[in-house]
Amino acid sequence: MRVNIDEIKEAGLRRDWDVSREAIDAMVAGDQAGYRAAAPAHFEAKLDKFERRVRVAGQGRVGLTAPCGRCLSPVSVDVPVDFELTLVPADEYVDEPRGEKDRNTGPAAGSFEPGQAEEDVYTGKVIDFDPIVREQLLLALPSYPVCKEDCKGLCPVCGANLNDRECGCDRHVPDPRWAGLKNVKP
Ligand SMILES: [Zn+2]
Ligand SMILES: [Zn+2]
């Protein structure tokens, strides 16, 4: 989804749009938890322009599936993605490149509610929401989803799903490979 900043009038601009399953899959492909899109996602955003800066308040929900981090059963995860950003034209943002530790202390900050909104950069007249949604979704992802808080996981000895049955393995014997490592000084 793209917006030309000239479309943003005095009263602001509202937009809503869909993000396809394929696009969501591509966004989460690098995440270690193995997420896949469960459905297309719907996003909406309100844009307000202050001179050349654009304040964006956006929200959406992304339905994902992933293997449980302990037992590998499929887990459905509903990830709310809410964000507020101030988009600054690239030529006003020269002193503080993107990715600085504290983006709110630089010369570009302070125009509206300092500390409230993250800053980002746009170039030209077009704001592209695809990388914004991608970045915000990755920030919102749970690192490893679990099927339930007390998931017992898999038996490290035989691989049985311990939620289904107690396999009877003796899991309290320390693995000799790890026991040896305790004596190794870093
Ligand atoms: Zn589990
Ligand atoms: Zn076992």
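A search of the whole structure, which is a predicted model, finds 0 disulfides. A disulfide is a covalent bond between the sulfur atoms of two cysteines. Several cysteines of this protein have sulfur atoms that serve instead as donors to zinc ions, as the two sites below show.

**The two zinc sites**

The zinc ion (ligand 1) is coordinated by the SG atoms of Cys 68, Cys 71, Cys 147 and Cys 151. The zinc ion (ligand 2) has as its protein donors the SG atoms of Cys 155, Cys 158, Cys 167 and Cys 169. The table sets out the values for each site.

| Zinc ion | Donor distances | Donor angles | Spacing along the chain |
|---|---|---|---|
| Ligand 1 | 2.3 to 2.4 Å | 106 to 114° | C-x2-C-x75-C-x3-C |
| Ligand 2 | 2.2 to 2.3 Å | 108 to 112° | C-x2-C-x8-C-x1-C |

Why is the arrangement around the zinc ion (ligand 1) tetrahedral? Four donors count as tetrahedral if all angles lie between 85 and 135 degrees, and the 4 donor atoms here subtend angles of 106 to 114°, so the arrangement meets that condition. The site of the zinc ion (ligand 2) is likewise tetrahedral, with angles of 108 to 112° among its 4 donor atoms.

The donors of the zinc ion (ligand 1) follow the spacing C-x2-C-x75-C-x3-C. Within this site, Cys 71 and Cys 147 link distant parts of the chain, 76 residues apart. Cys 71 belongs to the loop between β5 (53-67) and β6 (74-89), whereas Cys 147 belongs to the loop between α2 and α3.

Which of these donors are buried, and which are partly exposed? Buried means under 20% relative accessible area. Cys 68 is therefore buried, at 1% relative accessibility. Cys 71 is also buried, because its relative accessible area is 5%, and Cys 151 is buried with a value of 6%. Cys 147, at 34%, counts as partly exposed.

For the zinc ion (ligand 2), the donor spacing is C-x2-C-x8-C-x1-C. Here Cys 155 and Cys 167 are 12 residues apart, and both lie in the loop between α2 (129-140) and α3 (176-181). Cys 155 is buried, with a relative accessible area of 3%. Cys 167 is partly exposed, because its relative accessible area is 21% and the buried class ends at 20%.

**The aromatic cluster**

The structure also contains 2 aromatic pairs. In one of them, Trp 17 and Phe 43 are stacked, with 5.9 Å from centre to centre and 25° between the planes. This pair joins strand β2 (residues 13-19), which holds Trp 17, to strand β4 (residues 41-50), which holds Phe 43; the two residues are 26 residues apart. Both Trp 17 and Phe 43 are buried.

Trp 17 also forms a pair with Phe 129, and this pair is tilted, at 5.1 Å centre to centre and 55° between the planes. Trp 17 lies in strand β2 and Phe 129 in helix α2, so the pair ties together parts that are 112 residues apart in sequence. Phe 129 is buried, as is Trp 17. Trp 17, Phe 43 and Phe 129 form one aromatic cluster.

**Confidence in the model**

How does the predictor's confidence stand for the protein, and what is its average pLDDT? The average is 85, and 80% of the residues score at least 70. Over residues 105-115 the pLDDT is below 50. Beyond near neighbours in sequence, this stretch has 17 contacts in the model.

Note on methods. Residues are numbered from 1 along each chain as its sequence is written. Chains are lettered from A and ligands numbered from 1 in the order in which they are written. This is a predicted model: local features need pLDDT of at least 70, side-chain atom pairs count only at pLDDT 80 or more; totals for chains, interfaces and linings use all residues. Side-chain values use heavy atoms; hydrogens and water are left out. Donors are N, O and S atoms within 2.8 Å of the metal (3.2 Å for Na, K and Ca); water is not among the atoms, so sites may look incomplete. Four donors count as tetrahedral if all angles lie between 85 and 135 degrees; four count as square planar and six as octahedral if opposite donors are over 155 degrees apart and all others between 65 and 115; anything else is irregular. Helices (H or I, at least four residues) and strands (E, at least two) are DSSP runs, numbered from the N terminus. Buried means under 20% relative accessible area, exposed over 50%, partly exposed in between (1.4 Å probe, protein chains only). A disulfide is a pair of cysteine sulfur atoms within 2.5 Å. Rings of Phe, Tyr and Trp (its six-membered ring) pair if their centres lie within 6.5 Å; planes under 30 degrees apart count as stacked, over 60 as edge-to-face and the rest as tilted. pLDDT is the predictor's confidence in each residue, from 0 to 100. Contact means heavy atoms within 4.5 Å.
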